[in-house]
Amino acid sequence: MPQDPARLEELAALLLRRADDLYYVGQELVRHANKAEWRCAKATRFREAMRARRSEATRLAIELRDLGRYLRAQGQAAHG
């Protein structure tokens with residue numbers, strides 16, 4: 001099946017932008033959780049849960065970046 005280099009680049013750029021968005025959301029979750037003036041055992045568990053969500057968001061962002069870079073490389077290979 002022939003690959004459209006322009007379409008692959010478009011998809012790669014989209015994945016890379018979404019990876020950045022996802023990474024940002026993970027960072028913001030922790031930042032806002034840490035800013036809350038809530039101090040008790042539940043607050044500690046909540047903050048720990050938000051750090052876990054950040055880790056998951058970061059892992060997924062890395063996977064999206066890898067896929068975006070792969071598509072970009074495929075598009076460049078199909079073009080050249």
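Eight salt bridges turn up in this structure, which is a predicted model. Three of these pairings are walked through here, followed by a look at a nonpolar spot on the surface.

Helix H1 covers residues 5-35, and a good place to start is the pair Glu-10 and Arg-7. These two side chains form a salt bridge, with 2.6 Å between the closest N and O atoms. The two residues sit three apart in helix H1, so about one helical turn separates them. How open to the surroundings are they? Glu-10 has a relative accessible area of 47%, which makes Glu-10 partly exposed. Arg-7 comes in at 40% and is partly exposed as well.

Further along helix H1, Arg-31 and Glu-28 pair up in another salt bridge, this one at 2.9 Å from N to O. The spacing is again three residues, about one turn of the helix. Here the two partners fall into separate classes. Arg-31 has 38% relative accessibility and counts as partly exposed. Glu-28, on the other hand, has just 16%, and because buried means under 20% relative accessible area, Glu-28 lands in the buried class.

Helix H2 takes in residues 41-79 and holds both Arg-59 and Glu-63, which are four residues apart, again about one turn of the helix. Their side chains are joined by a salt bridge whose closest N and O atoms lie 2.4 Å from each other. Arg-59 is partly exposed, at 37% relative accessible area, and so is Glu-63, at 43%. This pair doesn't stand alone, either: Glu-56 joins Arg-59 and Glu-63 in a network of salt bridges.

Charged pairs aside, there is also a nonpolar patch on the surface. Which residues make this patch? Tyr-24, Val-25 and Leu-29 do, and together they give an area of about 280 Å². Tyr-24 belongs to helix H1, the helix that also carries the Arg-31 and Glu-28 pair. With 52% relative accessibility, Tyr-24 counts as exposed, because the exposed class takes in values over 50%.

Put together, the picture for helix H1 combines salt bridges such as Glu-10 with Arg-7 and Arg-31 with Glu-28 with a patch residue, Tyr-24. For helix H2, the pair described is Arg-59 and Glu-63, tied into a network that also includes Glu-56.

Definitions and conventions
Residues are numbered from 1 along each chain as its sequence is written. This is a predicted model: local features need pLDDT of at least 70, side-chain atom pairs count only at pLDDT 80 or more; totals for chains, interfaces and linings use all residues. Side-chain values use heavy atoms; hydrogens and water are left out. Patches are made of residues with over 30% relative accessible area and no salt bridge: like charges are joined within 9 Å, nonpolar side chains (Val, Leu, Ile, Met, Phe, Trp, Tyr) within 5 Å. Accessible areas come from the Shrake-Rupley method with a 1.4 Å probe; for residues, only the protein chains shown count as cover. A salt bridge is a side-chain nitrogen of Lys or Arg within 4 Å of a carboxyl oxygen of Asp or Glu. Buried means under 20% relative accessible area, exposed over 50%, partly exposed in between (1.4 Å probe, protein chains only).
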